[in-house]
Amino acid sequence: MIRSFRDMLTRRQSGSAAVELAIVLPLLFILMTVPLFFARYFWHYTVAHKAAMDAARYLSTVSVREMRSASLSATAGQIANGIAEEAIADLSPGRDAPTIEVLCGPSKLCIGYNALAMPETIKVRVSLNMFDNVFGVVNTGFYGWPIVAEAEVRYVGR
């Protein structure tokens with residue numbers, strides 16, 4: 001049986017698509033996981049920043065009377081901390097628990113103010129480390145990639 005040139009070409013190329021797919025598929029997988037990892041990283045940062053902003057916004061509206069009382073201002077600080085913890089509860093950053101700092105003024109804890117010195121600003125900082133526990137392609141190291149979201153709001157009671 002005599003085969004034509006066209007039959008010989010189609011027979012030779014019948015497995016070339018499978019070979020090309022086997023070569024290109026791992027590369028496409030790696031090229032797609034890196035942008036997805038960065039999207040997940042920025043999503044974690046956005047959630048952490050929103051948590052810091054919500055906590056700072058709440059604490060900035062606490063009344064002057066509550067800020068002057070040591071017990072009431074500590075309770076308000078704990079509520080702000082709880083607001084931030086609740087907002088980041090859905091994240092799964094890794095093995096380390098996120099840390100939340102609630103500060104009144106540049107570096108003072110929100111516990112009792114005298115009549116003269118009320119805080120000018122409220123600052124909330126949310127820190128966490130994110131690991132690549134979804135894809136396992138990006139090397140995040142032993143400590144993960146740090147995410148620090150900070151929100152500073154002017155105290156309204158001044």
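Val19, Ile23, Val24, Leu27, Leu28 and Leu31 come together as a nonpolar patch on the surface of this predicted model. Their combined accessible area is about 570 Å². A good second stop is helix α4, which spans residues 70-87 and has a buried side.

**The surface patch**
- Valine 24, one of the patch members, sits in helix α2, which covers residues 16-60.
- With a relative accessible area of 38%, valine 24 counts as partly exposed, because that class lies between the 20% limit for buried and the 50% limit for exposed.

**Helix α4 and its two faces**
- Helix α4 is built from 18 residues, and the distance from its first C-alpha to its last is 26 Å. That is close to the 26 Å expected at 1.5 Å a residue.
- Its buried residues are Ser73, Ala76, Gly77, Ala80 and Ala84.
- These buried residues lie on the same side of α4, because they cover an arc of only 100° around the axis.
- Turn to the face pointing away from that buried side, and you will find the exposed residues Gln78 and Glu86.

**A look at serine 73**
- Serine 73 belongs to helix α4, and its relative accessible area is 0%, so it is buried.
- What does the side chain of serine 73 reach at 2.8 Å? The partner is the backbone oxygen of serine 69.
- The serine 73 side chain also reaches the backbone oxygen of alanine 70, here at 3.2 Å.

Notes: Residues numbered from 1 in each chain as written. Predicted model: local features only at pLDDT ≥ 70, side-chain atom pairs only at ≥ 80, totals over all residues. Heavy atoms only, no water. Helix = DSSP H or I, 4+ residues; strand = E, 2+ residues; numbered from the N terminus. Buried < 20%, exposed > 50% of the residue type's maximum accessible area, 1.4 Å probe, protein only. Polar contact = N/O pair within 3.5 Å; in protein donor to acceptor, adjacent residues only side chain to side chain. Patch = residues over 30% accessible without salt bridge, like charges linked within 9 Å, V, L, I, M, F, W, Y side chains within 5 Å. Areas by Shrake-Rupley, 256 points an atom, 1.4 Å probe, with all protein chains shown as cover. Salt bridge = Lys/Arg side-chain N within 4 Å of Asp/Glu carboxyl O. Expected span 1.5 Å × (residues − 1). Arc of directions from axis to C-beta.
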